[in-house]
Amino acid sequence: MVSKAKASIVGVGCTKFGNVMKTPGIKDKTFHELIAEAAFEAMDDANMSGKDIDAFYLGSMLSHTSHAYSHHTQMCDWLGMQLKPSLHFATACSTLNTGLGMAAMSVASGKFKTVLVVGAETLSSYPDDNPVKRKAVDPQDLWYWTDFGVDQIYAYHHCYDIATAYGAIPTLSYAKKYGLNLDKMDEVMYNIYKAVSKHASLDPKAFVKDDIKQIAKKKKFKDPFDYWRSKNNPYFAYPTRLLSALNTVDGASAYIVTRAENAKKYNKKPVDIIGFHWSASNYPWYGKDATEWAIDKTAFSGAYKMAGVKGKDLDYLSVHDCMQIYQLITSETAGYFKKGESWKAMMEGRTMFNGDKPMNTSGGRHGKGHAFAASPGAETYELVKQMRGQAGRKQIKKPIKLAAQHNHGYGMHAAVTVFKGR
Amino acid sequence: MVDTIAKKFYDGLAKKKILGAQCGACKKWTFPPVTACRECGSRKITLKQISGKGTVHFYSTSILPPKKFAKYSPYAYGLVELKEGPSFMTMVEGLNAATPDTIRKGNEKLPLKVKAKVSNKAGMNVVVFTTKK
């Protein structure tokens, strides 16, 4: 039986995702202003202001680029929440998914009636000893700092290679397990990218603006698959191509959680949080079958148990896809597809917004862009908009009554939250 | 009192000894060693040399290697299952990571038996594996 909710989302906010040195809408905004923009949109969505909210939790990962780690104390002014309880938290790239459970527990405990959770990340540049003058980040420096998230006693110093660990080996393992030769696997990954880029092209806040057909056409390719296989799309770590991997971006996201019984006072269409669970694992995250991740199984089973649901009951699934192979592996772990079946669904376009098994309709960590701690909040933003019927040109036609969101946090945390519409 | 396990591991490598941890409760191995058994969580662990025998199952290489190891690029980074049970990932010598084609062909020949060895990489002694017998 589906569990009764104690906490509900009544407001969501999200900035454009892109580069604060270039992207219109976020250009020249500081880390603090990104946070305020996402939070204010969530407050407006819930018809609230800072004084109506009892506490706020601020999530971000990379202090090397934000140049901030006690920013919640700085942010109380910028959010209009002076003297309110606050904290900084992080589970890396799953941070704002973890925040959903934290906020739900906070309001269910009785301590707070309403909590704001906001996440932000600036990955493409950092303040160059001047708050309004930024310097672009060297990609190798970015990954050096990011890799502080993986086992630093042993794994990193043993020639650690994130793209192989996170992309190539799970892809090789999936192909081997289900008897797909690597040419066929490449075609599967192309079809996943068709959905990724299509969804992003329909999302006004996404980093990627064009679908694969438009991208190919601009480069004078008649067949988008020829573009996919061209030198424009090299192997990041064979057999994982660059377009199957994340785009690091800047951005912020936010949501407001209140007690379920009060939710309709603030929003006509609240979304209930009915289950959540988290799991942690040190490196390596898998054994010789790299499609079996114990942390994901643990997080899904814990969240489903709390919610009283099963994966096959879901109307919508959002999975962490910083490497798009996880659209296959994690959707099967989630029980959204049977084992070995998801690749067929991706080939048939069933996970598109207009398919019967929709997933990741804002374009995921490549299309929408990967703003580490903030990205799960952007995925919750999409999920809430879909459940309310406010997702614009990519609105899923069938009613979304039950949905789940999964995220990975380097390295490695798994967070799963289950949502119910009203 | 917690033992200086990481120091013992790296000091061991300087003497060409590769240490893992065997659990006194469940008898399973943890590699590399930490302060509790990775299988059952028991603190009754004993540092012991591993056999060094393993099997490599998959490998690849990245066009954006970590800064620290960029000078070795392209190198084969592989998933090795130790004879003692744990999985470990590190550089595997003897596997060809020069091009996508050699990686594809190389993976078609896996799994392969490999042997652990101590090697200095970017100024530190670490464990790598080799396909050489």
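## A walk through chain B and its partner

Start by selecting B:Gly54: this residue stands opposite B:Leu82 in strand 5 of chain B. Keep in mind as you go that this is a predicted model.

**Stop 1: strand 4.** Now widen the selection to strand 4 of chain B, residues 53-60. Six bridges join strand 4 of chain B to strand 5 of chain B, and the two run antiparallel. Next, look for the other partner. Strand 4 of chain B also runs antiparallel to strand 7 of chain B, joined by four bridges. To find this pairing in the viewer, pick B:Val56, which stands opposite B:Leu112 in strand 7 of chain B. Is strand 4 largely enclosed or not? Six of its eight residues are buried, so strand 4 of chain B is largely enclosed by the rest of the structure.

**Stop 2: the barrel.** Add the remaining strands to your selection. Five strands of chain B form a closed barrel in the order 4-5-6-8-7, and their pairing is mixed. On average, neighbouring strands of this sheet are turned by 55° against each other, direction ignored. As background, strands of a sheet pair through backbone hydrogen bonds, either parallel or antiparallel.

Now color strand 7 of chain B, residues 112-121. Strand 7 pairs with strand 8 of chain B in the antiparallel sense, over seven bridges. One place to zoom in is B:Lys121, which stands opposite B:Met124 in strand 8 of chain B. Then bring in a piece of the other chain: helix 6 of chain A, residues 162-177, packs on the sheet. Helix 6 of chain A touches strand 4, strand 5 and strand 6 of chain B, and its direction makes about 100° with that of strand 4 of chain B.

**Stop 3: where the chains meet.** Show both chains together. How many residues of chain B are in contact with chain A? There are 30 of them, and they are in contact with 29 residues of chain A. On the chain B side, the elements giving two or more residues are strand 4 (53-60), strand 5 (77-82), strand 6 (87-93), helix 2 (100-108) and strand 8 (124-130). Strand 6 of chain B supplies the largest share of this side, five residues. Color the chain B side by class and you will find 19 nonpolar, seven polar and four charged residues.

**Stop 4: the two domains of chain B.** Hide chain A for a moment. Chain B is divided into domain 1, residues 5-49, and domain 2, residues 53-130. Their C-alpha centres lie 22 Å apart. Where they touch, 10 residues of domain 1 of chain B are in contact with nine residues of domain 2 of chain B. On the domain 1 side, helix 1 (5-14) and strand 2 (29-30) of chain B each give two or more residues. Helix 1 of chain B gives the largest share of that side, three residues. By class, the domain 1 side has six nonpolar, two polar and two charged residues.

**Stop 5: a residue in chain A.** Bring chain A back and select A:Ser201, which lies in helix 7 of chain A, residues 182-201. A:Ser201 is buried, because 20 other C-beta atoms lie within 10 Å. Leaving aside neighbours within four places in sequence, A:Ser201 is in contact with A:Lys209, A:Asp210 and A:Asp211. For a last step, draw a distance from A:Ser201 to A:Thr91: the two are 29 Å apart in space, C-alpha to C-alpha, and 110 residues apart in sequence.

Terms used
Residues numbered from 1 in each chain as written. Chains lettered and ligands numbered in written order. Predicted model: local features only at pLDDT ≥ 70, side-chain atom pairs only at ≥ 80, totals over all residues. Contact = placed C-beta atoms within 7 Å. Nonpolar A, V, L, I, M, F, W, Y, C, P; charged D, E, K, R; others polar. Pairing = 2+ DSSP bridges. Axes fitted to C-alpha atoms, helices over the stretch in contact; angles between N-to-C directions. Domains from an automatic or database assignment. Buried ≥ 20, exposed ≤ 12 C-beta atoms within 10 Å, placed from the backbone.
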